[in-house]
Amino acid sequence: MDAVIGFLEGFTVWHWLGLGIILLTLEVAVGTFDLLWIAIGAFATALFALIVPDPVGAWQGQLTFFGLMALIFVISGRTLFKGLRNRS
């Protein structure tokens, strides 16, 4: 468990940007629009980590923010942009 916490404590803006790029790359390969919203959540978390660099419990705040943003973007993406998923 200490290894996981040690890994998460080292998360920076670059890690979130890298995760977003990886998710976008997977989205291009899969084409479901689901990973797109999670990637946008990762980019929003990178911006959050840039604005709020080191709060107390930085990794907990970043993971919570990422979870909330990913959830909000997935729900809104599935409801607002559901026409993009339909094939012509």
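# Working through a four-helix chain

With a relative accessible area of 22%, Asp34 counts as partly exposed (between the limits for buried, under 20%, and exposed, over 50%; 1.4 Å probe, protein chains only). This is a predicted model, in which local features need pLDDT of at least 70 and side-chain atom pairs count only at pLDDT 80 or more, while totals for chains, interfaces and linings use all residues. Residues are numbered from 1 along each chain as its sequence is written, and side-chain values use heavy atoms, with hydrogens and water left out.

## Exercise 1: The overall fold

Find the secondary-structure elements of the protein chain and describe its extent and surface.

Step 1. Count the elements: the protein chain has 4 helices and 0 strands. Helices here are DSSP runs of H or I with at least four residues, strands are runs of E with at least two, and both are numbered from the N terminus. Reading along the sequence gives α-α-α-α.

Step 2. Look at the extent. The C-alpha trace of the protein chain spans about 50 × 25 × 20 Å along its principal axes.

Step 3. Turn to the surface. About 6000 Å² of the protein chain is exposed, and 73% of that comes from carbon and sulfur atoms (Shrake-Rupley areas with a 1.4 Å probe; for residues, only the protein chains shown count as cover). Of the 88 residues, 24% count as buried.

Step 4. Check the contacts, meaning heavy atoms within 4.5 Å. Among those between residues at least 6 apart in sequence, 61% join residues at least 24 apart.

## Exercise 2: Charges and the salt bridge

How many salt bridges does the model hold, and which residues form a salt bridge with a closest N and O distance of 3.1 Å?

Step 1. Apply the rule: a side-chain nitrogen of Lys or Arg must lie within 4 Å of a carboxyl oxygen of Asp or Glu. The count is 1 salt bridge.

Step 2. Name the partners. Arg78 pairs with Asp34, and their closest N and O atoms are 3.1 Å apart. Arg78 belongs to helix α4 (residues 58–80) and Asp34 to helix α3, so the pair ties together parts that are 44 residues apart in sequence. Arg78 is partly exposed at 42% relative accessibility.

Step 3. Compare the charge centres. The mean positions of the 4 positive and 5 negative charges are 26 Å apart. Lys and Arg count as positive and Asp and Glu as negative, leaving out His and the chain ends; the charge is placed at NZ of Lys, CZ of Arg, CG of Asp or CD of Glu.

## Exercise 3: The nonpolar core

Which residues make up the largest nonpolar core, and which elements give two or more of them?

Step 1. Start with the meaning: a nonpolar core is a set of buried Ala, Val, Leu, Ile, Met, Phe, Trp, Tyr and Cys residues joined through side-chain atoms within 4.5 Å.

Step 2. List the members. The largest core has 9 residues: Leu8, Phe11, Val13, Trp16, Ala42, Ala46, Ala49, Trp59 and Phe66. The elements α2, α3 and α4 each give two or more residues to this core, and α3 supplies the largest share, 3 residues.

Step 3. Follow two members outwards. Leaving out residues up to four places away in sequence, Trp59 touches Ile5, Leu8 and Glu9, and Phe11 touches Trp16 and Gln62. Phe11 sits in the loop between α1 and α2.

Step 4. Add a distance. Ala58 of helix α4 is buried at 19% relative accessibility. Its C-alpha lies 9.2 Å from that of Leu8, a residue 50 places away in sequence.

## Exercise 4: Three phenylalanines

Are Phe7, Phe33 and Phe81 exposed or partly exposed?

Step 1. Phe7, in helix α1 (residues 2–9), is exposed at 55% relative accessible area. Its C-alpha is 23 Å from that of Leu71.

Step 2. Phe33 lies in the loop between α2 (13–30) and α3 (34–51) and is partly exposed at 28%. The phi of Phe33 is near 70°, a positive value in a residue other than glycine. Most residues other than glycine have a negative phi.

Step 3. Phe81, in the segment after α4, is partly exposed at 40%. Beyond its neighbours within four places in sequence, Phe81 is in contact with Trp37 and Ser76. The C-alpha atoms of Phe81 and Phe33 are 9.4 Å apart, with their positions 48 residues apart in sequence counted as separation.
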